[in-house]
Amino acid sequence: MILPVNDSVNKKPYKSFKSANNVKKGYIARRYHTSETVEFNTKIKAATGAIIGTTIPLLYFTRKNPGLKNIINMKYGLKEMVVTSITGISGGAAFGMIGEPHKKRERKRKEAVFQIMNCTLPLLGVAGFLKLSEKIKGLNNKPAKVIGTLAGVTAGMFGGAKLSNLINDPKDLEPDRKIELKDTIANVDDVFSALVLAKFPFVDKLHIEKLLPVIFAWCGYRAGQSN
C-alpha cells in the first residue's frame, strides 16, 4: 500500500523501507500487519478440519501395524510425524477456507505453508543430525545428541520461516511472517519427537509422544482460523 509519509489512518506500522521501487514522488511505501476478528463458525471449521486431518493418517498407520490396537499407542518415526503434521495443518486450512472470500482463503493458505515448514523442517534437521551421529563417533553420545537436537530445531524454525516467506511472497511485497511465541510452543513437538528418535530412555517412560497429535491439530487450527 502506498501512503503519504504523514498518513495516520493505519495505527500499526510494521516497518518502512526505501528502494527504487518503493519511493515515488514524495511517497514512501510502508508495510502494515492487519488482522480481523475470527468468526465462531470459522473456528469450528478449522478445528474440525485439523482433527480430521490429524486422525486419518494415524488410523492408516495403525492399520498398517497389526501390533497397535489404537492411535493412542502410536509409535512415531520420522515418516509418521512429518505426514501427520502436514495432513493436520492442511486439513485445518482447507476446512477453514470453506465459504470464505478469496482474500481470506489466501491468508489461510500462506499460514498453512508457514506452519508446515515450521513443523517439518526442524524434524528433518534433527533426523539428519541423528543419522550423521551414527557415522561419527564423537557425536554418538547423549550430550552431543541433546545439543544437536536443540540446534536442529532452532535452525529448522528460522529456516522454515525464511523459506515460507520466499514461497508465499517471492517479490517481498508483504510483511514477513515472523516466529511468534505460539510458534515456539508448536515446536515443542519437534523437541519431543527428536528425543524419541534419539531413543532417550526417560522419554519412553513419560510417553510424551502421545501429545504429538494434539500439537499437530493445534497447528492446523491456527492455519484454518488465521486472518
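Here's a quick tour of this structure, from the whole chain down to a helix, a pocket and one residue.

What you're looking at is a predicted model. The protein chain has 8 helices and 4 strands, and reading from the N terminus the order is β-β-β-β-α-α-α-α-α-α-α-α. Of the 227 residues in the chain, 43% are buried. If you take contacts between residues at least 6 apart in sequence, 71% of them join residues at least 24 apart.

Now for helix 4, which covers residues 142–168. With 27 residues, helix 4 reaches 38 Å from its first C-alpha to its last, close to the 39 Å expected at 1.5 Å a residue. Its N-terminal end is capped by Asn141, which has a side-chain oxygen 2.9 Å from the backbone nitrogen of Ala144.

Next, a pocket. The second largest one holds about 230 Å³ of space, and its lining includes Phe158, Lys162, Asp169, Pro170 and Arg177. Here's how that lining splits by class:

| Class | Lining residues of the second largest pocket |
|---|---|
| Nonpolar | 5 residues |
| Polar | 1 residue |
| Charged | 6 residues |

Finally, have a look at Ile71, which sits in the loop between helix 1 (40–64) and helix 2 (78–97). Is Ile71 buried or partly exposed? Ile71 counts as partly exposed, because its relative accessible area is 25%. Setting aside neighbours within four places in sequence, Ile71 is in contact with Thr55, Leu58, Leu59 and Thr62. The C-alpha atoms of Ile71 and Pro213 are separated by 9.4 Å, though these two residues are 142 residues apart along the chain.

Note on methods:
Residues are numbered from 1 along each chain as its sequence is written. This is a predicted model: local features need pLDDT of at least 70, side-chain atom pairs count only at pLDDT 80 or more; totals for chains, interfaces and linings use all residues. Side-chain values use heavy atoms; hydrogens and water are left out. Helices (H or I, at least four residues) and strands (E, at least two) are DSSP runs, numbered from the N terminus. Buried means under 20% relative accessible area, exposed over 50%, partly exposed in between (1.4 Å probe, protein chains only). Contact means heavy atoms within 4.5 Å. On a 1 Å grid over the protein atoms alone, a cavity is a set of points where a 1.4 Å probe fits but cannot get out, and a pocket is an open set with protein on both sides within 12 Å along at least five of seven lines; lining residues have an atom within 4 Å of a point. Grid points are joined across faces, edges and corners, and a volume is the space filled by probe spheres set on the points. Ala, Val, Leu, Ile, Met, Phe, Trp, Tyr, Cys and Pro count as nonpolar, Asp, Glu, Lys and Arg as charged, and the others, Gly among them, as polar. The expected span of a helix is 1.5 Å times one less than its number of residues. A polar contact is a pair of N or O atoms within 3.5 Å; within protein, one must be able to donate a hydrogen and the other to accept it, and residues adjacent in sequence count only if both atoms are side-chain atoms.
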